[in-house]
Each structure stands twice: as C-alpha cells, then as structure tokens.
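Me: I've got a structure open and would like to talk through how some of its pieces pack. Can you take my questions one by one?

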Amino acid sequence: MLKASINTLTGTSKASISKFNKINLHTIEDLVEHYPKNYEDRSIVVAINQVVLNQANNIVAKVISVPIVNQATKLKVLRFQVSDNTGIMNIVFYRMPYLVNHFQLGHYYNFYGVVKLGLSLEMSSPSHQTHEKYQSSGKLFPIYPSTATLSQGVIRKYIWTSLNEFIIPSYDIAKINDTNLLASGDSKDEFLANDDSKDELMDIAYFNFVPPQIEVKHNLVSKQYALCNIHFPKSAEDLTKARKRLIFEELFLLQMGLYFSKSDFKTKKKGSSKILPDEYNKFVTSLPFVLTNAQQRVVDDLIKDLKSTSAANRLIQGDVGSGKTLVAAIALFIAVKNGYQASMMAPTEVLARQHFDYLSALFKDFNINIDILTGSISKKKREALLENLKNGDIDILIGTHALLEDCVVYKNLGVVITDEQHRFGVRQRLTLNKKGHSPDVIVMTATPIPRTLALILYGDMDISLIDELPPGRIPIQTYAVPSRYHARIYKFMREHIDAGKQCYIICPMVEENEKMDNLKDVISYSEQLKGVFSGYTLEYLHGKMKPKEKNQIIENFVCGKTNILISTTVIEVGINVPNATIMLIENAERFGLSQLHQLRGRVGRGTDASHCILVSDSTNDNTIERLKIMSETTDGFKIADTDLKLRGSGELFGTRQHGLPNMKIANMYTDTSILKIAQEEATAIFKSKKLQKEYQYLINIIKEKFNAENSIL
Ligand code: ADP
Ligand code: MG
C-alpha cells in the first residue's frame, strides 16, 4: 500500500501530481517520507500592535469587515480587515476568490504570514485556520523542501491526506502487534507462505521493520505516531520523539544494510592461521626505518589477525605520511613466507607503480617475486604474468583496478590489501577479496574519519589507527594568500629549488576553459610559468594523459630531474617524494578541506621544512574560514571534523565519495548517540545468527530499500 501512487489519494489534481513527480515523489511512501526541513513555530501569538515588519508573524484576530473579492482585476484580490483589540490589519489573498466564503464576519481566525506596512498593516496570502482548530492542533507547522511552483499548502495537504487515508487506518496498532508476534515466531517464512494475508503482512513489516523488542527497549514511539508527528507535531516534545524514532530507523537500516553487504551474513569467516616466519626479525631490521610506536601497535594488531584462524577484516587509518605502506609491507611479507600469495590494490597507476618500486626494494634480499598489473601493461606481458600468477610463481601482485578482472586468478591468495580504500566501492573490494579463499583483508585509508563515522562506514571491521608521524617531521607551514602574491611565491620557490628541493603546483583545471577563465589550468599555466622559471625544468601532469606518459613524468619528478611538477589532483593520493618541499595550490577555493589536506600531505614527507601555499582571491566567508583552518592545523582529524561542521556529512561522506546512501533524516555527524544504539542493535542481530530465521523479513526489506541506485549493496 505504501507503494500506491499519489493519485490514489482523495482530492488530488493532475497538475499537482506532476509537480510532485518532478521532485521525485511518486508514491504514498515517498510522500510520507518527504520530511519537513524546518517548522514554523506558531505557538506564540503576537498582538497586532507588536508585529515585526517584514517578518512572519502569528496573530489571532476577528474579522471586522465583510470579505470582498475585486472581480474586476485578473488577480481577483480578496480583502478584509481583522482586529485583535490592539490594532487593525488588512488581510489580502490573490487568485483565491473561493476563500470569500471561508471567513465569517465576527469570527476569530489564526493568521500566519509576513507583515508589510503600506498605507496600513497588511498580511498577504497568510496560512490560516479557525481559532478553534488553531487551539486544538499542533503549533509547529512543517516547512517542506519544495520548488517554486509547488506550494507549502499543497504539500501539507497531500501529506496530511496520505497520513489520514493510508498510514493511520492501515497500520493500526492491532495489526502491527500481529506482525510483532510473527517477528518472534520460529519460522516466519513458513508462516507467511501459508497465510492468505501474506502481502498485507509483508507490507506491514515493510512499514515497520524495527523489531518490537528494540522499540520497547529504547523507548521508541511507533512508526505511525512518528510519521504523524514528524509532519504535524502536537508539541515540540512529540516532534523530538518522532525524530528519534525515524532517525533510529534510518540508521538501523543502514547498519543492517552494511552488515548485509559486507559480510554476506556470516560473522567471522574462517581463514587460515599464519605464523611469524623465521626471517621475520631479519626483515624488520632490514627496513629503512625503525617503526614508530603507532606503526608497531598496528603491526601487532595485524600479527594477531594473521595468526588467528578467522579471516582478518581490518581498517588501518593513518593520516597522510604516517607510514602505512611499511605496515602493509610487513603483512605482505608474513603472507608470502607462510606460502601464500598476496595482493595490494591502489586507485591510480601512478600510486601502484610507486608501491611496486618501494616494495621491490624492501623485498629484494628475501627471495620474493613481486610483479605489477595495471591497465597499461602490454598484452604479451600480461598473459605471461597471469600465467605465473595462476601457477604460483608470483608471490605478490601490486596493481590498480585491473586486478579485479575475471582473468586475474591466483593459486592461493592469502592476504589482500586495498590502499586508499575510499577510492573504491564496496563491491570492488569484495571482488578482490573473493579471489582468495577467505583471505585476510586489510584496507588502508588516509581519510581521517571521526570514530563515530568510521563505525558506520566500517561497522563490521576492526579498526587500527596510526596516530603518529615518523620522527623528525617538521610541521608544514601553510599560508593562505591572494593572487597578487605570485611574484613573491615564485621567488620563494626559486630559492628552494636552488637549494635542491622540488615543488608541486596544483591547478583545478586541465585545459583553458572560456567559461571559467578565472581558473588556473595545468596546460596554459605551464606555458606561462616557463617564462617565469626559465632555466628550471617544469613538467605537467593530468588525468587525461596516457599512462605511459604519466609514469615517465612521475619518474622524472621522483628521481629529481624535474624541479616543478604542475598537476591536477591526480597526485592527490599516495604519491611520496620526500624531496618535494613546496606545495602551491592555485584557486584553493575550488577544493574541499579534506582534499586540501590530502594535497598538502604530498610535502612534509622528509625531514626538511615544507610549505603549503594556498592561493585564493575568494571573499566567500566559508572559503576564508576553510583556508584559515588549513593554516592553523595539520591534524587530519581536526580538519575532517571542521569540514563536516562546515559542509555537513552529506557532502564529505556523500554517496559519491563513500558509496553511502543519502540520509533522509539522520545526520551522521550530530546523531551519534542514536547511531551508536542502532549499531549495537544491528550487531546483536547479526551476531545472534537469528537472521536467517527470525529476521528473514528484515533481509527482504534491506534488499528492497537498498535498491540499485545506492551503490553500497
Ligand atoms: P602514507 O601513510 O601516507 O601512505 P607512506 O607509507 O607513503 O605514508 O610513508 C611516508 C614516508 O614516510 C615515506 O617516505 C616512508 O618511507 C617514510 N616512513 C615510513 N615509516 C617511517 C618511519 N618509521 N620512520 C621514518 N620514516 C618513515
Ligand atoms: Mg599511502
């Protein structure tokens, strides 16, 4: 029934329905889940002599002149006067002549609208109701997300009707309780299969899928009550209760969905136990650095994981430059020395190649065969590589998305690592993991996600944190400056290059774009800079170049041949050139805080002082605030936190970046306490192994609600 189309409601019009359709509201469910973005508080009545001009005011007043419609004009103006003993006000409606019979001389009404002062006080097209209705109904009026042509009044009316015709009668308490009985029965599937009213019960279960014992335990109001009060709250208190219920429901479903997608309903998978190989100490002492305490802690976590008979599923979070690769190397080493193959996936060819070079050097005295697979590898080489992989000759395979293809088959893949995991979808990671027989899974990210959010995104994973940078790092100095500083900046860069250092310049665009001629682009800016930096080597890089070309350019920069690399954000992740000490970011206003942080993380990776210069002429307050924060802190968590506050979780952790569905009512950043409960309850259900039996209906609902448009499942 929730799936019924809007036109099954009483009193609809085709014109309005098409307007609803335009904002993607098609069914009763869509309507009742179209939550208000705000509420007008009409609990306080203002006396007419106290109204605030040019703002919405809420008055209760008596009609003191006969309402008259001026039929002569096109606007069919309806006009009358009202009074509340403190003053008189004109009430005006346009194009609503039919209201003339609605207002009766001598009767009291509630009016809510913006008051203007012309010849006298005037309120035009106010919301209105009889005084009796005003007294008996809630005082918080919903304000909906809308379009210019779809009025608040129409939305309210349609939602009001939906609630009255569908939600209140169809899902009465008795029926809900019936379903609740089902929820604690032994085999609901069987029960449902034999029941004539299966569809109806499924519909009810779909409507109210939060298990009743959870509702009781956490004092959640019923679904109907919540829906009625989220739209037309009887009081602020009822609104709070309604919100809590709906937020819980949304986060609970999300948690269940995440579990469902990631673990295939199994809790810990059985994996293979790996032991510390004889050469372990020799390998660790051969590493170019002593591990930091934080790295050592994470390595200890990993060793425990690898030794265990259940398959590891661990997220390693570590700010840019914290040394995640070295930790990954140790896991790869242990896998190989236990006779398994291992694989590591990176989001870009450039990064995959860097890992390949870095790891090849670390493993060179340990008789480990390491190879790389990316999209740009020749067909012939690729065929040989795949053959060697299948027969077990290759121990470690590094690569890009190319690793996900069906033809990539391992002999016995035991450890799978995904670097910069937020760049991959859940599905992609799963594809890689499935190439082994319950391999140990490790994912790494530099995106500093606050713990609460990490819990949602990676609810089924163990989390380790590298919360310390290697010793000797000097905090990067960051400056936000306007573009008139360019001459000074270039001089500063020359001094650094003359001292043997290298620089990055980031531009928001690849090529010149007439529509955005105030934005720097890689190609024409490089041309321009050749004059400014004559005698120095400059190269440019962007995502549209051929992989071979890109590799060559990166190589030139890595080995120090190039002084200045002008690039788009293709170098945002992973790239490690410790000799680069200046990061110049043009049109810094074009980048998000976390992105700026990642870009800045390309410098300050050695023991020399590094600088990040953010150029922007923006006068936007939000931008100025963002750039100020960048100059004040280098703490990735603090930056992510601020980013969330400035932009809301929707944007930073939006569908695009993390494959998460958009939330209708929950705010992952502020609703953390409800989130925690939702997570605990979802976890309990999964751990109880009752899911297959008792909660089969939840599985169906999850499948239905997390439809194809949400990439997470
Ligand atoms: P990220 O965590 O950003 O992936 P990397 O693994 O690329 O960081 O490491 C950043 C730099 O720090 C590299 O040059 C790496 O060799 C160096 N590094 C890693 N671990 C240590 C350590 N324990 N001591 C000193 N330098 C280290
Ligand atoms: Mg890295």
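**Helix packing and a sheet**

Reply: Happy to. Keep in mind that this is a predicted model. To kick off, the crossing of α13 and α14 is right-handed.

Me: Which residues of α14 make the contact with α13?
Reply: On the α13 side, the contact uses T325, L326, A329, L332 and F333. Facing them from α14 are H355, Y358, L359, L362 and F363.

Me: And how many charged residues does the contact of α13 with α14 have?
Reply: Sort the contact by class and you get eight nonpolar residues plus two polar ones. That leaves the charged class, and the count there is no charged residues.

Me: Are α13 and α14 parallel, perpendicular or oblique to each other?
Reply: Helix α13 covers residues 324–337 and α14 covers 349–363, with axes 11 Å apart. They pack at an angle of about 55°. Roughly parallel needs an angle under 35 degrees and roughly perpendicular needs 65 to 115. The two helices are therefore oblique.

Me: Is L326 buried or exposed?
Reply: L326 sits in helix α13, and among the residues it touches are L287, F289, Y358 and L362. Its relative accessibility is 3%, and the cut-off for buried is under 20%. So L326 counts as buried.

Me: How far apart in space are L326 and L362, C-alpha to C-alpha?
Reply: These two touch each other. In sequence they are 36 residues apart. In space, the C-alpha to C-alpha distance is 9.1 Å.

Me: Switching to the open sheet, which strands stand at the edges?
Reply: The sheet has six strands with parallel pairing, in the order β17-β22-β21-β18-β20-β19. An edge strand here has a single partner, so one side of it is left without a neighbour in the sheet. The strands that fit are β17 (477–481) and β19 (538–541).

Me: What is the bridge partner of L541 in β20?
Reply: β19 pairs with β20 (residues 564–567) in the parallel sense, over four bridges. In β20, the partner of L541 is S567.

Me: Which helix packs on the sheet, touching β18, β19 and β20?
Reply: The helix in question spans residues 522–532. Its direction makes about 175° with that of β19. The name is α19.

Me: Last one: how many of the residues of α21 are buried?
Reply: Helix α21 runs over residues 593–600 and is mostly covered. Its buried residues include L593, L596, L599 and R600. The count is seven of its eight residues.

Note on methods: Residues numbered from 1 in each chain as written. Chains lettered and ligands numbered in written order. Predicted model: local features only at pLDDT ≥ 70, side-chain atom pairs only at ≥ 80, totals over all residues. Heavy atoms only, no water. Axes fitted to C-alpha atoms, helices over the stretch in contact; angles between N-to-C directions. Parallel < 35°, antiparallel > 145°, perpendicular 65-115°, else oblique. Left-handed = near helix turned anticlockwise from the far one by under 90°. Contact = heavy atoms within 4.5 Å. Nonpolar A, V, L, I, M, F, W, Y, C, P; charged D, E, K, R; others polar. Buried < 20%, exposed > 50% of the residue type's maximum accessible area, 1.4 Å probe, protein only. Pairing = 2+ DSSP bridges. Lists of a residue's contacts leave out its neighbours within four places in sequence.
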